[in-house]
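Visitor: Before we begin, I would like each label you use to be set against its definition, so please take me through the reasoning as well as the result.

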Amino acid sequence: MSQVGTAAQPLRVAIIGAGPAGFYAAESLLKRADLTVAIDFINRFPTPFGLVRDGVAPDHQSIKAVIRVFDKILSDPRVRFFGNVTYGVDLHHHDLVAYYDQIIYAVGAQADRRMHIPGEDLPNSYPATAFVGWYNGHPDYRELPLDLDVERAVVIGNGNVAMDVTRILVTPPDELAKTDIADHALERLRASKLREVVLLGRRGAAQAAFTTPEIKEFGKIPGVDVLVDAQNIELDPQSAALLEEDRTAAANMEVLRGYAAQTQHTQARRITMRFLTSPVEILSEHGHITGIRIERNALVTDANGSQRAQGTGEFEVIPCGMVLRSIGYRSTPIEGVPFNEETATISNIAGRVIHPDTADDNAPTMVHPAEYVVGWAKRGPSGLIGNNKPDSVATVESMLADLPNLAGIDDAHRDPAAIVSLMQSRHIDFVTVQDWKKLDAYELDRGKAQGRPRVKVTTVAEMLEVIRG
Ligand code: NAP
């Protein structure tokens, strides 16, 4: 038998999930001059690009420019795309291990973290992840029963997702109409009665997770005032010292102090930023949200020397009609793959999938042979799109180091047509790169006609209609 990874026996790799981390892994594999590789993307939706399509805010089109890199990868003859194929439903773990030399799980973080407070599941209290999916035309969230007939919304969290959702809630719809925001969202936002978004950070201004361009953007939204209370952003000595080392925190503080210095607030809409507050309970009457009870916090230093929030026992109610919790994404277990509930990641060392109880330094590591993980499912839900690149390259290094030890797959399954036959025998209505290109062209054309970058198709049924039609 010739060696796997040569022209005679290309290395067959399946990448589950066609988001940024998966694409960067593919790019790294394709770049190796000494490797002959055949890559199949298996993706739940007919549309590729994961969070670049479904997560990046529509008013951040420049971030989506990375699609050009991913497009090039998709057009590589060594790469195939099988969209509209759900791992664990259409294709199973035992299928993939039988048909591929190596498998990369690039499944991201499909769920959200919870606040664990009463009222969290009331109508109009949603994870920001759902709201993001809704305005980005993610098929799962198209029907999110949002009520925008409210004057004030509260957004919990101080990360960049909280910044995105706050901005989208208050940006004039005519501005959003220049983007690829989903049509259903634009229509609803046009009719929105929202006047204020209150953004709550549990720690202080110096500890906020957002980055400086995002906090600066708030001040540039037409028709929107940004309210910050100068007293609320005063720093304790340890926070002040933090600014010496953390340039982002220092730059953020400068912007926040600028907002605090403004006293004229005349615009129709406002963003009120509050720090050192935690949600305690979402209040309601007759099933409708009426407010959120919050507790004021103080910063305390924990055993590791980092500052965390501690309740002061002082409570307050903010009247509101909507709550979005933006406190982080969360990965969920997938079929046949060990999952570490504590870290909410696929159990791995250097991208190699391992049995969970062997992550312990003293136990022998039990590797799942030929299975790997990249992106948020590997390291948790943090980092910008570009951060996935070195992370995926590191996993590919592990894959290549493991090549000499590959167990190998049945020769009959090496034929690239074999997995296609398997899917056809199961009547899986898979979508190819050409199909996606057709849908892409359709969306771009619709966009062009309206002077927008793209008009998205937001249901799988309609996507398939465009493709098959
Ligand atoms: P994130 O950056 O981890 O922020 C999570 C926020 O939630 C933090 O402020 C955290 O506060 C807070 N939080 C966590 N649990 C909480 C609780 N129980 N109560 C109150 N607050 C709580 O996560 P993210 O915003 O979901 O973003 C994920 C990643 O995507 C980040 O790396 C982000 O930069 C990136 N992203 C980037 C962009 C962009 O470039 N424009 C846009 C969107 C997302 P503590 O700090 O106190 O834990």
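Guide: The largest nonpolar core has 57 residues, and those with the most contacts inside it are Tyr135, Leu169, Phe218, Leu256 and Met273. This core draws at least three residues from each of domain 1 (11-109 + 331-431) and domain 2 (111-329), the bounds coming from an automatic or database domain assignment. The model is a predicted one, in which local features need pLDDT of at least 70 and side-chain atom pairs count only at pLDDT 80 or more, while totals for chains, interfaces and linings use all residues. Residues are numbered from 1 along each chain as its sequence is written, and side-chain values use heavy atoms, with hydrogens and water left out.

Visitor: What makes a set of residues a nonpolar core?

Guide: The term stands for buried Ala, Val, Leu, Ile, Met, Phe, Trp, Tyr and Cys residues that are joined through side-chain atoms within 4.5 Å. A second, separate core of 45 residues includes Val4, Val374, Leu400 and Val466.

Visitor: Which residues does Phe218 touch, leaving out those up to four places away in sequence?

Guide: Phe218 touches Met163, Thr166, Arg167, Leu199, Val226, Tyr259, Ile271 and Met273, where contact means heavy atoms within 4.5 Å.

Visitor: Why is Pro20 called buried or exposed?

Guide: Buried means under 20% relative accessible area, exposed over 50%, and partly exposed in between (1.4 Å probe, protein chains only). Pro20 has a relative accessible area of 8%, and is therefore buried. Its place is in helix α1 (residues 20-31), helices (H or I, at least four residues) and strands (E, at least two) being DSSP runs numbered from the N terminus. Beyond its neighbours within four places in sequence, Pro20 is in contact with Phe49, Leu51, Val52, Phe70, Ile385 and Asn388.

Visitor: How do you know that β6 and β7 each pair with β14?

Guide: Two strands pair if DSSP finds at least two bridges between them. Strand β6 (residues 125-127) is joined to β14 by 3 bridges, and the two run parallel, with Ser125 opposite Val323. Strand β7 (residues 152-156) is joined to β14 by 4 bridges, also in parallel, and Ile156 has Arg325 as its bridge partner. Within β14 (residues 322-325), Met322 and Leu324 point one way and Val323 and Arg325 the other, and all are buried.

Visitor: Why is the pair of Asp140 and Arg44 called a salt bridge?

Guide: A salt bridge is a side-chain nitrogen of Lys or Arg within 4 Å of a carboxyl oxygen of Asp or Glu. The closest N and O atoms of Asp140 and Arg44 are 2.7 Å apart, and the pair therefore qualifies. Asp140 is in the loop between α5 (128-135) and β7, and Arg44 in the loop between β2 (37-42) and α2 (50-54), 96 residues apart. Asp140, at a relative accessible area of 42%, is partly exposed, as is Arg44 at 36%.

Visitor: What makes the pair of Arg468 and Asp429 a link between parts apart in sequence?

Guide: Arg468 and Asp429 form a salt bridge, with the closest N and O atoms 2.6 Å apart. Arg468 lies in helix α17 (residues 460-468) and Asp429 in the loop between α15 (416-425) and α16 (433-449), so the pair ties together parts that are 39 residues apart in sequence. Both are partly exposed, Arg468 with a relative accessible area of 41% and Asp429 with 38%.

Visitor: How many salt bridges does the whole structure hold?

Guide: A search of the whole structure finds 35 salt bridges, and Asp112, Arg114, Glu120, Asp121 and Arg325 are linked in a network of them.
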